[in-house]
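Let's take a walk through this structure together. Have the sequence open beside the 3D view, and follow along as we go.

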Amino acid sequence: MSAPAVTWTDAAWVRRIVRGRGIWPAVPALLYVFVMLAVPLAVLFAFGFLTIDRGRVIPGSFTVAHYQRILTDSLSWLLFWRSFRLGVATTLLCLVLGYPVAYLYTLVGPAARKLLLIAVISPLLTSALVRTYAWLVILGGRRGLLNTVLLRLGIVDTPLRILNTDWAVLIGLTQVHLPFMILPLIAALASRDRFLEEASANLGASRLETFLRVVVPLSLPGIAAGTALVFALSYTNFIIPQLLGGGTYSTVAVKVYEQTIVILDWATGAVLAALLLGSCFVLVLLITWTANRAMAWREGTR
Amino acid sequence: MTAPHVRLQGIRKAFGALAVLRDCDLEVEKGEVMTLLGPSGCGKTTLLRTIAGFVVPDAGSVSIGGRDVTLHPPNRRSVGMVFQHYALFPHMTVFGNVAYGLRVRRLGREEIDRRVRAALELVELAALPERWPAQLSGGQQQRVALARVLVLAPEVLLLDEPFGALDAKLRQAMQVDLRQLVRRLGITTVFVTHDQDEALTLSDRIAVMRGGVIEQVGTPLEIYDRPASTYVADFVGLSNLLPGEVRAGRIELGRSVVLPTDRTGRVTVVIRPEHLAVRRDEAGPGWPGTLTFVKHAGATTEYQVDVGGPAPLRVLAMRDPGGDLLEVGDRVRVELRDSAAWVVLGEGARP
């Protein structure tokens with residue numbers, strides 16, 4: 001008697017997919033993501049390795065010259081450093097500004113909660129572009145809204161120069177990305193067990209100590225999610241630095257836009273985009289890995 | 001006589017329009033285990049939380065060890081609370097949980113280490129200091145919660161339904177352990193439960209609560225033998241509540257059952273099921289009726305006899321292995337076994 005033939009359909013993972021009907025409803029979305037995201041990304045990465053001869057891309061060629069050129073150029077390192085700095089600063093600012101809002105949300109009654117949530121979400125209903133233009137009006141020059149008010153009130157003698165600086169970009173990035181920090185924080189904080197805070201008080205801890213030793217550590221999943229989101233979005237944003245940073249201001253993302261859309265140097269654009277995306281991915285992984293290490297206690301619950 | 005260790009005077013608390021506590025007075029002696037017993041919604045947990053400082057009463061005062069602490073915040077009271085679901089910090093190990101209060105007090109590393117180990121030994125968890133709470137069984141979690149407060153040597157220990165989350169068998173073992181531990185430490189303890197068996201097992205005295213009012217305070221035996229109201233009689237243990245009327249200092253019940261009393265008017269007579277007996281012969285004093293229910297539960301037998309009243313009489317007897325087995329439908333007579341074992345409640349003067 002011969003042993004029954006083992007075919008590839010016997011593999012556990014294949015059976016799981018075939019039998020697990022749960023996958024089929026997700027197929028349209030998976031297909032969409034594959035066609036609209038994975039394929040263009042692959043094309044983009046490919047462009048970074050193709051030879052370009054007198055402005056014409058040569059299909060089937062392969063070179064690492066573009067990477068060599070860009071990685072040895074100190075200007076690109078400067079751009080990456082600026083993007084990174086902006087991403088970190090925006091994330092920290094969003095965390096510092098967003099945490100109290102999320103915490104407040106969990107302390108107030110249902111009506112105030114609704115109002116807060118509307119206040120947090122409503123900016124998402126207008127396009128980030130429009131909001132960024134609004135910052136142009138507010139921060140812009142001598143006759144901008146901010147300077148007019150400050151001068152009238154006599155708070156400053158000479159108009160502040162904010163527009164076209166790092167500060168303007170930071171303000172814009174923070175405003176646009178704040179909801180992405182607040183929402184995960186609300187999710188983490190609203191589900192917390194209030195008895196833990198009572199237990200902490202019962203054991204002698206002040207409100208501040210309870211907050212630092214119990215509330216904040218237990219909201220780490222929300223902090224991690226918000227941090228990863230805001231960092232990824234602000235690190236790679238190009239509209240806000242472009243508009244609020246002024247004509248000569250540049251980040252990696254802005255440079256990618258210029259190279260690809262304006263200068264039509266697709267190879268340089270592709271290499272910078274690949275490096276930006278890759279580094280962003282690594283940094284986000286680093287954030288989640290660090291957070292997971294700090295949340296070792298959750299292992300026990302699984 | 002020394003002042004009570006914990007004294008609650010005229011405590012009132014309302015949440016919105018709902019009065020949760022109405023004028024509660026309670027005194028707990030040093031080293032005593034006091035139980036707040038009552039159904040859910042009777043205010044027992046709110047009263048406990050008032051002692052802990054999580055609830056600030058609308059009126060009245062709380063004093064601990066002779067000091068008025070009514071307005072002291074929870075973290076300024078020497079009161080250790082074990083929460084219903086233990087409220088262990090999930091992000092700290094067993095050691096971290098027990099060390100929490102000591103760290104907050106900024107004690108030295110060595111002292112913390114020594115005291116945490118001693119506390120864990122006390123609750124027999126010395127082997128598991130590095131475990132996360134989620135890795136512990138319910139009973140172990142409860143012991144961590146206990147060690148976490150005992151390590152601070154509080155003046156008063158508060159326990160909010162500490163056995164509610166445990167299964168029946170473990171519950172009994174933990175009750176005995178806790179009783180021995182608390183007695184050994186001699187710590188003043190206030191304990192909340194809705195379970196009368198638990199209250200009878202653990203307490204020196206019981207305060208029976210109902211609708212925000214303390215109905216009766218007494219030792220378990222006082223509560224059981226001399227309930228102050230039909231509510232208490234009904235809540236603690238099984239009882240037969242028989243309505244009657246006093247005529248010339250006597251209540252007449254059933255057939256030739258005459259009880260003397262110094263009360264007057266309409267009264268309720270409380271008779272515990274174990275103070276009644278079932279006889280096959282129908283003649284004689286008592287209540288003739290029909291047996292409607294028999295349950296042989298090992299050592300005891302429970303009967304219910306329809307005597308024509310609103311509710312059947314419940315009778316609890318030691319089982320007689322060689323005796324006459326009565327069956328449902330038999331005509332029987334219920335007899336008052338012990339003429340001292342009854343309580344009269346109602347209007348008029350108290351005995």
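What follows goes from the overall picture of chain B to its strands and sheets, and then to chain A and the contact between the chains.

Before we start, keep in mind that this is a predicted model.

Let's begin with chain B as a whole. Its secondary structure comes to 8 helices and 20 strands, and the chain has 351 residues, of which 39% count as buried. Put a box around its C-alpha atoms along the principal axes, and you get roughly 80 × 50 × 40 Å. The contacts are also worth a look: take those between residues at least 6 apart in sequence, and 65% of them join residues at least 24 apart.

Now zoom in on strand E8 of chain B, residues 188-193. How many of the residues of E8(B) are buried? The count is 6 of the 6, so the strand is largely enclosed by the rest of the structure. To see how that works out face by face, recall that side chains in a regular strand alternate between the two faces of the sheet. On one side of E8(B) sit Thr188(B), Val190(B) and Val192(B), on the other Thr189(B), Phe191(B) and Thr193(B), and both faces are covered.

E8(B) also has strand partners. Strand E3 of chain B, residues 33-37, pairs with E8(B) in the parallel sense over 5 bridges. Strand E7 of chain B, residues 156-160, pairs with E8(B) in the parallel sense too, over 5 bridges. A handy residue to click on is Val190(B): in E8(B), it is the bridge partner of Met34(B), and it is also the bridge partner of Leu158(B).

Helix H1 of chain B, residues 44-52, tells a similar story about burial. Here 8 of the 9 residues are buried, so the helix is largely enclosed by the rest of the structure. The buried residues in H1(B) are Lys44(B), Thr45(B), Thr46(B), Leu47(B), Leu48(B), Thr50(B), Ile51(B) and Ala52(B). Right after H1(B) comes Gly53(B), with a positive phi near 95°.

Further along chain B there are sheets with antiparallel pairing. One is an open sheet of 5 strands, in the order E13-E12-E11-E14-E20. Which strands are at its edges? They are strand E13 (257-260) and strand E20 (343-346) of chain B, and each pairs on one side only. From one strand to the next, the twist averages 35°. If you want a pair to inspect, try strand E14 of chain B, residues 266-271, which is joined to E20(B) by 4 bridges and runs antiparallel to it. There you'll find Val267(B) opposite Gly346(B).

Another open sheet of 5 strands in chain B has the order E15-E19-E16-E17-E18, again with antiparallel pairing. E15 and strand E18 (313-318) of chain B are at the edges with a single partner strand each, so one side of each is left without a neighbour in the sheet. On average, neighbouring strands of this sheet are turned by 45° against each other, direction ignored.

Strand E19 of chain B, residues 331-336, is a good place to stop within this sheet. Strand E15 of chain B, residues 276-279, runs antiparallel to E19(B), and 4 bridges join them. In that pairing, Arg279(B) stands opposite Arg333(B). Strand E16 of chain B, residues 287-297, is likewise antiparallel to E19(B), with 4 bridges between them. Two spots to check are Gly289(B), whose bridge partner in E19(B) is Val332(B), and Trp287(B), which stands opposite Val334(B).

Now switch to chain A and look for two helices: H4(A), residues 74-107, and H8(A), residues 166-190. They pack at an angle of about 45°, with their axes 7 Å apart. That angle makes H4(A) oblique to H8(A), and the crossing is right-handed. The contact of H4(A) with H8(A) has 21 nonpolar, 5 polar and no charged residues.

Finally, where do the chains meet? The contact takes 18 residues from chain A and 22 residues from chain B. On the side of chain B that touches chain A, the elements giving two or more residues are strand E6 (79-82) and helix H2 (94-104) of chain B. By class, that side of chain B has 14 nonpolar, 6 polar and 2 charged residues.

Note on methods:
Residues numbered from 1 in each chain as written. Chains lettered and ligands numbered in written order. Predicted model: local features only at pLDDT ≥ 70, side-chain atom pairs only at ≥ 80, totals over all residues. Contact = placed C-beta atoms within 7 Å. Nonpolar A, V, L, I, M, F, W, Y, C, P; charged D, E, K, R; others polar. Axes fitted to C-alpha atoms, helices over the stretch in contact; angles between N-to-C directions. Parallel < 35°, antiparallel > 145°, perpendicular 65-115°, else oblique. Left-handed = near helix turned anticlockwise from the far one by under 90°. Buried ≥ 20, exposed ≤ 12 C-beta atoms within 10 Å, placed from the backbone. Pairing = 2+ DSSP bridges.
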